[in-house]
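Open your viewer and get ready to click through a few stops. Each one tells you what to select and what you will find there.

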Amino acid sequence: MSEIRQDQLLNNEMLYGNEDVPPIGMSIILAIQHILAAFAGIIAVPLVVCTALGLSVEETSFMVSATIFASGVTTVLQSRGLGPIGSRVSGMMGTDFTFVNPSISVGAKFGVAGIVAATITGSFVEIILSRFIKPLMRFFPPLITGVVVSLIGITLLPVSVDWAAGGVGSADYGSLRNLTVAFVIMVFTLLLNHYGKGMLSTASVFIGMVFGYLVCIPLGMVDLTSVANADWIALPNIFRYGFKFDVASTLSFVPAYLVSTIGTMGIMMAIGEASNMKLSSERAAAGVLCDGIGSMISGVFGAGPNTAFSQNVGLITLTKVASRHVMIVTGIILAILGVFPKLSALIAVMPQPVLGGVGVIMFGLVAAQGIKTLSNIHLGDRELLIISVAFALGIGVTVKPEILAGLPAALQMILSSGISTGTLAALILNIVLVDRRKER
């Protein structure tokens, strides 16, 4: 029986399974839904890096557009596949904060040309690591998969709470207005998803965000100045900043690419769990390979490294739509947005509380999906120890990142993500703590 056929059999509970093709109208709405959920994360990294390096508005605008365009191209590559590249599941791709610190340090010495060179040369680390995923998959039984998926959701929840409060650093952080808007959007989306029929339920997140956007306009929470100032067209420009290779710069990106590899493996598994399909080692390896190739593509266009996005896994769980064809449409629209900055600016000004309202539901569902996986296995003392330590360390690093301040820079980077810290802890304990039931 083919792998695709097995996927279809496992997709009994899905509205649209991995290989199903929704009508084009619904596909576009579902694609926009994915973009709205991930857009803030995609543009945040280039904005932070450009601000830290003191780049001009024009240079910042170009890097943001290049990042959006590269994210779209890599999303298509991940979901559609090209030969051995791409997992061929509904995988959203974008930039990640793991690469912010090395990008700033390299950029301060060698400019954007140094970041481009380190992004491209460092991507070979992940490309090489992708060839070793198959033998590593045996270390990811349901116990570890459940822990990883749960951690993805749990460690993202603080992000959604920050959104609901107005966004980190905002002057009105935690204001009654922000929290009220987030709560109203959360309840509206929840009711729409649970009681709505057909499109109303499937596109509940999209409808909830549009409703929130419209609610925020009369409240004075939407500033369209950046939309008016944005260019109409920004064509991709290959090696606009040049290419400045430095061995130390490349090495500084290696720990971040290691974290990206671990994270992408976990996200590929989470997508499989959310899609009710068993993800093969070949697909997981192809997903990690796409991570590396995608980062190389991003560097060519003047953007930072690309990696799998965990935010969108919650949408699959919530909408019961796992169609990779929807994600292909998502990638195409993203690439178009990268060419037309005015359109992308219109999405970028969406008030953070609107994202927070739907984010709480989506990320909570990812955590619940992992708990569901754990509930289907035997949970003895050994298993509970592994889960408890992995959760404690993963959540601890997420809420108190300053505890890593005294560690070497490379180790700080590897452990800075709660997902990577918790996953490493679970993997090590699963090997060290021998299962006595198997010894008998």
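What covers the buried residues of helix 15? Keep in mind as you look that this is a predicted model. Among the elements doing the covering are helix 2 (24-53), helix 3 (57-80), helix 10 (225-229) and helix 14 (324-339). Select those four in one colour, then give helix 15, residues 341-348, another. The buried residues to show as sticks in helix 15 are Pro341, Lys342, Ser344, Ala345 and Ile347.

**Stop one: Ser344**

Stay in helix 15 and centre the view on Ser344. Is Ser344 buried or exposed? Its relative accessibility is 7%, so Ser344 counts as buried, the cut-off being under 20%. Now look for a polar atom of the Ser344 side chain: the backbone oxygen of Pro341 lies 2.8 Å from it. Next, show the surroundings of Ser344. Setting aside neighbours within four places in sequence, you will find Ser344 in contact with Phe39, Ile68 and Leu337.

**Stop two: a nonpolar patch**

Switch to a surface view and select Trp232, Ile233, Leu235, Ile332, Ile336, Phe340 and Leu343. Together these residues make a nonpolar surface patch of about 730 Å². Zoom in on Trp232, which sits in the loop between helix 10 and helix 11 (247-274). Trp232 counts as exposed because its relative accessibility is 62%.

**Stop three: Glu19 and Arg283**

Return to sticks for the charged side chains. Side chains of opposite charge can pair when their charged atoms come close. How many salt bridges does the structure hold? There are six, and the tour visits some of them.

Select Glu19 and Arg283, which form a salt bridge with their closest N and O atoms 3.8 Å apart. Glu19 lies in the loop between helix 1 (3-10) and helix 2, while Arg283 belongs to helix 12 (residues 281-300), so this pair ties together parts that are 264 residues apart in sequence. Glu19 counts as buried at 16% relative accessibility, and Arg283 is buried too, with a relative accessible area of 8%. Add Arg324 to your selection: Glu19, Arg283 and Arg324 are linked in a network of salt bridges.

**Stop four: Lys134 and Glu282**

Now pick Lys134 and Glu282, whose side chains meet in a salt bridge (3.3 Å, N to O). Here too, distant parts of the chain are linked: Lys134 is in helix 5 (residues 133-136) and Glu282 in helix 12, 148 residues apart. Check how open each partner is. Lys134 counts as exposed at 52% relative accessibility, whereas Glu282 is partly exposed, with a relative accessible area of 45%.

**Stop five: Arg382 and Glu383**

Move along the chain to Arg382 and Glu383. Their side chains meet in a salt bridge (3.4 Å, N to O), and both residues are buried.

**Last stop: the cysteines**

How many disulfides are there? The count comes to zero, taking a disulfide as a pair of cysteine sulfur atoms within 2.5 Å. To finish, select Cys216 and then Cys290. Cys216 counts as buried because its relative accessibility is 0%, and Cys290 counts as buried at 0% relative accessibility.

Conventions:
Residues are numbered from 1 along each chain as its sequence is written. This is a predicted model: local features need pLDDT of at least 70, side-chain atom pairs count only at pLDDT 80 or more; totals for chains, interfaces and linings use all residues. Side-chain values use heavy atoms; hydrogens and water are left out. Buried means under 20% relative accessible area, exposed over 50%, partly exposed in between (1.4 Å probe, protein chains only). Helices (H or I, at least four residues) and strands (E, at least two) are DSSP runs, numbered from the N terminus. Contact means heavy atoms within 4.5 Å. Patches are made of residues with over 30% relative accessible area and no salt bridge: like charges are joined within 9 Å, nonpolar side chains (Val, Leu, Ile, Met, Phe, Trp, Tyr) within 5 Å. Accessible areas come from the Shrake-Rupley method with a 1.4 Å probe; for residues, only the protein chains shown count as cover. A salt bridge is a side-chain nitrogen of Lys or Arg within 4 Å of a carboxyl oxygen of Asp or Glu. A polar contact is a pair of N or O atoms within 3.5 Å; within protein, one must be able to donate a hydrogen and the other to accept it, and residues adjacent in sequence count only if both atoms are side-chain atoms.
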